Amino acid sequence: ALLLAGCGPLVQVGGNAPAPQALLVLRADAPPPEWRGPTAVGDTLAVAVPDVPAELQTLRLPVQVTAASVQYLAGASWAEQPNRQFQRLLADTLAGNGVTVLDTRGGSVSPARALTGHLREFGLDVRGAPLVRVRYDAQLAGPRGAGTVALRSFVAEEKVASEQPAVVAAALNRAANRLAGEVAAWVKG
């Protein structure tokens, strides 16, 4: 046992890369309101974690370099995968706009409606003037047996002054909040 201990760690947690200076997060512009009294189950909504393409299944921030080439922004690391952060931002924005959002992870109540979708783009695009782009293809399903699903694509873009991780993350947060506001208006309408 002493001989093995002298060889050093067999597994290095965190890899060889140095820790990032900061982790990037998304936050809703306004926190959701505090819970209020009883709500009719027919007025509830569940917000699912969006599906994402492979380049977004990471803690790195994608940079679209050409139509067929993606790189990752040096020094940028999300605290959690962007689709999970976007789901919470979307749920908080909907709740802030008066929609009763149920967290279905641990509850036994089935919501009346479900918002699912695909987060197709969430990163920096440098093919022209640098900008961030968020694209969410939403699916809003009504109560079971209603027979209809509403579909809509939402896109928000914002120019960035620099390609520094903090600047890009702040622009993505603003674009995601603007897009979430549009989704909230659509869900309520």
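Which residue in strand 5 is the bridge partner of Leu-45? In this predicted model, the partner is Arg-113. The pairing belongs to a parallel arrangement of strand 1 and strand 5, residues 113-125, held over three bridges.

Strand 1 spans residues 44-47. Its side chains alternate: Thr-44 and Ala-46 point one way, and Leu-45 and Val-47 point the other way. All four of these residues are buried. Strand 1 also pairs with strand 4, which covers residues 100-102. Here too the strands run parallel, and three bridges join them. Within this pairing, Thr-44 is matched with Thr-100 of strand 4. Strand 1 is thus bridged to strand 4 and to strand 5.

Strand 5 continues the pairing into strand 6, residues 131-141. The two strands run antiparallel and share 11 bridges. They form a hairpin, with five residues between them. Asp-125 of strand 5 stands opposite Leu-131 in strand 6. Strand 6 is mostly covered, with eight of its 11 residues buried. Strand 6 pairs in turn with strand 7, residues 149-159. This pairing is antiparallel as well, and it counts 11 bridges. Val-134 has Ala-156 of strand 7 as its bridge partner.

The largest pocket was examined next. It encloses about 740 Å³ of space. Its lining comprises 27 residues, and the closest to its centre are Trp-35, Ala-91, Val-101, Leu-102 and Asp-103. Three elements give two or more residues to this lining: strand 1, helix 2 (82-96) and strand 4. Helix 2 gives the most, with six residues. By class, the lining of the largest pocket holds 13 nonpolar, six polar and eight charged residues.

Helix 2 also contains Thr-93. Is Thr-93 buried or exposed? Thr-93 counts as buried because its relative accessible area is 11%, under the 20% limit. Its contacts beyond four places in sequence were then listed. Thr-93 touches Ala-28, Asn-177, Ala-180, Gly-181 and Ala-184.

How values were computed: Residues numbered from 1 in each chain as written. Predicted model: local features only at pLDDT ≥ 70, side-chain atom pairs only at ≥ 80, totals over all residues. Heavy atoms only, no water. Buried < 20%, exposed > 50% of the residue type's maximum accessible area, 1.4 Å probe, protein only. Helix = DSSP H or I, 4+ residues; strand = E, 2+ residues; numbered from the N terminus. Pairing = 2+ DSSP bridges. 1 Å grid on protein atoms, 1.4 Å probe; cavity = no way out; pocket = protein on both sides within 12 Å on 5 of 7 lines; lining within 4 Å. Points joined across faces, edges and corners; volume = space filled by probe spheres on them. Nonpolar A, V, L, I, M, F, W, Y, C, P; charged D, E, K, R; others polar. Contact = heavy atoms within 4.5 Å.
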